[in-house]
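Reader: I would like a close look at the nonpolar interior of this protein, taken slowly and residue by residue where that helps. Please also cover how helices pack.

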Amino acid sequence: LKLLDGRTAVISGAASPRGIGLATARLFARHGARVAILDLDETAARAAAAGIGEAHLGIGCDVTDQAACDRAAGAVLAAFGKIDILINNAGITQPLKFGEIGPDDWQRVIDVNLKGIFCLSRSIVPHMRKRRSGAIACMSSVSAQRGGGVFGGPHYTAAKAGVLGLAKAMARELGPDGIRVNCVTPGLIDTDITQGKLSDEMKQKIIEGIPLGRLGSAEDVAGIYLFLASDLSAYVTGAVIDVNGGMLIH
Ligand code: NAD
């Protein structure tokens with residue numbers, strides 16, 4: 001069963017080898033999509049795209065840079081002719097306490113996690129509006145729902161909570177144009193975003209609070225993005241889908 005046959009997708013933050021973005025790119029490719037991987041490092045983005053097959057594209061793009069997003073969108077349209085799916089996945093985190101967050105920490109974390117979604121969407125939504133069709137999924141986090149306390153600090157929590165508001169407002173405004181906008185809120189997923197700063201002890205404590213008894217995998221989240229990108233979710237917009245092993249049941 002191929003859920004994305006003939007579709008094209010842009011996925012931000014999809015070059016890191018063990019990340020959610022690349023797992024999503026791989027799954028989308030397996031479901032028949034052509035995928036454009038956008039990430040900070042052009043060489044890494046290209047290598048990641050080549051790694052999933054010939055039809056795909058890797059582009060260097062800092063999602064906080066509107067001009068870079070515009071250029072990336074132009075390059076994808078030149079190569080693929082259309083964009084059906086946008087996965088706003090890029091993000092960074094920092095395990096800082098409230099009192100440790102400096103102005104630069106605040107700015108960068110808000111910029112990448114929240115403003116980045118605004119910028120990249122701004123580059124692609126006009127095209128989707130013209131075609132009166134599009135599926136957008138945005139990366140939030142369980143941190144947004146429970147006030148942090150997992151790994152990222154209050155600035156990360158604020159950014160990811162902002163994503164929920166932005167995506168819901170976009171869903172409302174873009175629905176009449178045939179564009180769906182949804183969010184995913186993962187719990188703790190076993191990727192390299194923690195940069196070795198998550199101790200085994202912290203991990204164990206978190207697992208004790210997870211009914212399914214394990215951390216999530218990148219593939220666990222990719223499956224939710226696939227659902228939100230495909231026609232299986234044709235009547236779903238403005239929704240927030242938890243993928244957290246039961247860490248937060250509400
Ligand atoms: P990751 O570090 O493997 O992937 C993040 C990717 O984003 C990297 O490839 C990085 O280079 C890229 N990136 C960073 N800044 C960028 C920018 N300005 N422009 C373009 N690309 C940029 O981590 P991951 O865990 O796969 O994270 C993916 C998303 O999932 C992030 O938004 C993260 O906040 C979110 N998330 C992760 C977890 C988790 O536990 N791992 C939980 C909830 C949400």
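Author: What follows is a walk through the main core, one of its residues, and two helix contacts.

The model is predicted, and its largest nonpolar core has 35 residues, with Phe 28, Val 35, Ile 37, Val 221 and Tyr 225 having the most contacts inside it. Several elements each supply at least two residues of this core, namely the strands β1 (8-12), β2 (34-39), β4 (85-88), β5 (134-139) and β7 (240-243), together with the helices α1 (20-30), α2 (42-52) and α8 (218-229). Of these, α8 gives the most, with eight residues.

Val 35 offers a view from within: setting aside neighbours within four places in sequence, Val 35 is in contact with Ala 9, Ile 11, Ala 25, Phe 28, Ala 29, Ile 52, His 56, Leu 57 and Phe 80. There is also a second, separate core of 33 residues, which includes Cys 69, Ala 90, Ile 117 and Met 170.

One of the partners of Val 35 is His 56, which is found in the loop between α2 and β3 (57-60). Because its relative accessibility is 14%, and buried means under 20%, His 56 counts as buried. Not counting residues up to four places away in sequence, His 56 touches Ala 29, Ala 33, Arg 34, Val 35 and Ala 49.

The helices α1 and α8 pack with their axes 8 Å apart at an angle of about 55°, and they are therefore oblique to each other. The crossing is right-handed. On the α1 side the contact is made by Ile 20, Ala 23, Thr 24, Arg 26, Leu 27 and Phe 28, and on the α8 side by Ala 218, Glu 219, Val 221, Ala 222, Gly 223, Tyr 225, Leu 226 and Ala 229. By class, this contact has ten nonpolar, two polar and two charged residues.

The other pair is α4 (residues 103-131) and α6 (residues 154-174), whose axes come within 8 Å and cross at roughly 15°, so that α4 and α6 are roughly parallel to each other. The crossing of α4 and α6 is likewise right-handed. Among the residues in contact are Trp 106, Ile 110, Leu 114, Ile 117 and Phe 118 of α4, and Tyr 156, Ala 159, Val 163, Leu 166 and Met 170 of α6. The residues of this contact divide into 14 nonpolar, four polar and four charged. Ile 117 and Met 170, both of which take part in the contact, are also included in the second core.

Key:
Residues are numbered from 1 along each chain as its sequence is written. This is a predicted model: local features need pLDDT of at least 70, side-chain atom pairs count only at pLDDT 80 or more; totals for chains, interfaces and linings use all residues. Side-chain values use heavy atoms; hydrogens and water are left out. Axes are lines fitted to C-alpha atoms, for helices over the stretch in contact, and angles run from 0 to 180 degrees between N-to-C directions. Helices (H or I, at least four residues) and strands (E, at least two) are DSSP runs, numbered from the N terminus. Angles under 35 degrees count as roughly parallel, over 145 as roughly antiparallel, 65 to 115 as roughly perpendicular and the rest as oblique. A crossing is left-handed if the near helix is turned anticlockwise from the far one by less than a right angle, and right-handed if clockwise. Contact means heavy atoms within 4.5 Å. Ala, Val, Leu, Ile, Met, Phe, Trp, Tyr, Cys and Pro count as nonpolar, Asp, Glu, Lys and Arg as charged, and the others, Gly among them, as polar. A nonpolar core is a set of buried Ala, Val, Leu, Ile, Met, Phe, Trp, Tyr and Cys residues joined through side-chain atoms within 4.5 Å. Buried means under 20% relative accessible area, exposed over 50%, partly exposed in between (1.4 Å probe, protein chains only).
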